[in-house]
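Colleague: Could you take a close look at the largest pocket for me? I'd like to hear what lines it and how the parts around it are put together.

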Amino acid sequence: MASAYVTDRDLLLRGKGRKRRLLTSLLPMDIASGATSLECLRSLIHGSVDIRQFPGHPRLHAKVYLFGERDAVVTSANMTRNALESNLESMYFLLQRFLVAVGLFQLFHVLLAEPIVQNLI
């Protein structure tokens with residue numbers, strides 16, 4: 001998953017038994033404003049979620065939820081309670097044949113392998 005802001009842990013913690021990875025931003029202003037919750041990130045780490053931080057520049061704005069190597073959701077929704085429960089967000093569910101064509105899985109794997117992307121722990 002890629003989400004600039006993270007305050008909800010439920011979506012990722014439900015996937016126990018699966019490899020779970022999160023790419024997020026840890027800009028001080030996002031943490032100070034509450035857009036990202038350190039308590040939530042701690043819970044995810046204790047729940048064995050591999051969390052990587054994207055550097056401040058360029059700024060991470062993507063919201064992509066990958067499910068295995070087959071399906072994905074590209075959305076305006078960050079991983080926050082408001083985005084998932086009360087905001088009006090747009091989401092597009094993409095099937096494998098389209099994802100292979102646009103290279104979304106490959107892009108995500110390349111981003112996670114970049115030296116500028118740091119492991120949170």
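**The largest pocket and its surroundings**

Modeller: Start with α6, since that helix gives the most to the lining of the largest pocket, with three residues. Two or more residues each come from α1 (10-13), β3 and α6 (104-113). Keep in mind that this is a predicted model. The pocket has a volume of about 460 Å³, and 16 residues line it; the closest to its centre are K19, R20, L66, F67 and G68. Sorted by class, the lining holds seven nonpolar, six charged and three polar residues.

Now follow β3 away from the pocket. Together with β4 and β5, strand β3 builds an open sheet, in the order β3-β4-β5, with antiparallel pairing. The edges belong to β3 (64-67) and β5 (91-94), each of which pairs on one side only. On average, neighbouring strands here are turned by 15° against each other, if you ignore direction. So what holds strands like these side by side? Strands of a sheet pair through backbone hydrogen bonds, and they can do so parallel or antiparallel. For β3, the antiparallel pairing with β4 (residues 71-75) runs over four bridges; one residue to look at is Y65, whose bridge partner in β4 is V73.

How far to trust all this? The protein averages a pLDDT of 79, and 84% of the residues score at least 70. Confidence is highest in helix α2 (residues 28-33), with a mean of 90, and lowest in strand β6 (residues 118-119), where the mean is 57.

Note on methods: Residues are numbered from 1 along each chain as its sequence is written. This is a predicted model: local features need pLDDT of at least 70, side-chain atom pairs count only at pLDDT 80 or more; totals for chains, interfaces and linings use all residues. Side-chain values use heavy atoms; hydrogens and water are left out. pLDDT is the predictor's confidence in each residue, from 0 to 100. Two strands pair if DSSP finds at least two bridges between them. Axes are lines fitted to C-alpha atoms, for helices over the stretch in contact, and angles run from 0 to 180 degrees between N-to-C directions. On a 1 Å grid over the protein atoms alone, a cavity is a set of points where a 1.4 Å probe fits but cannot get out, and a pocket is an open set with protein on both sides within 12 Å along at least five of seven lines; lining residues have an atom within 4 Å of a point. Grid points are joined across faces, edges and corners, and a volume is the space filled by probe spheres set on the points. Ala, Val, Leu, Ile, Met, Phe, Trp, Tyr, Cys and Pro count as nonpolar, Asp, Glu, Lys and Arg as charged, and the others, Gly among them, as polar.
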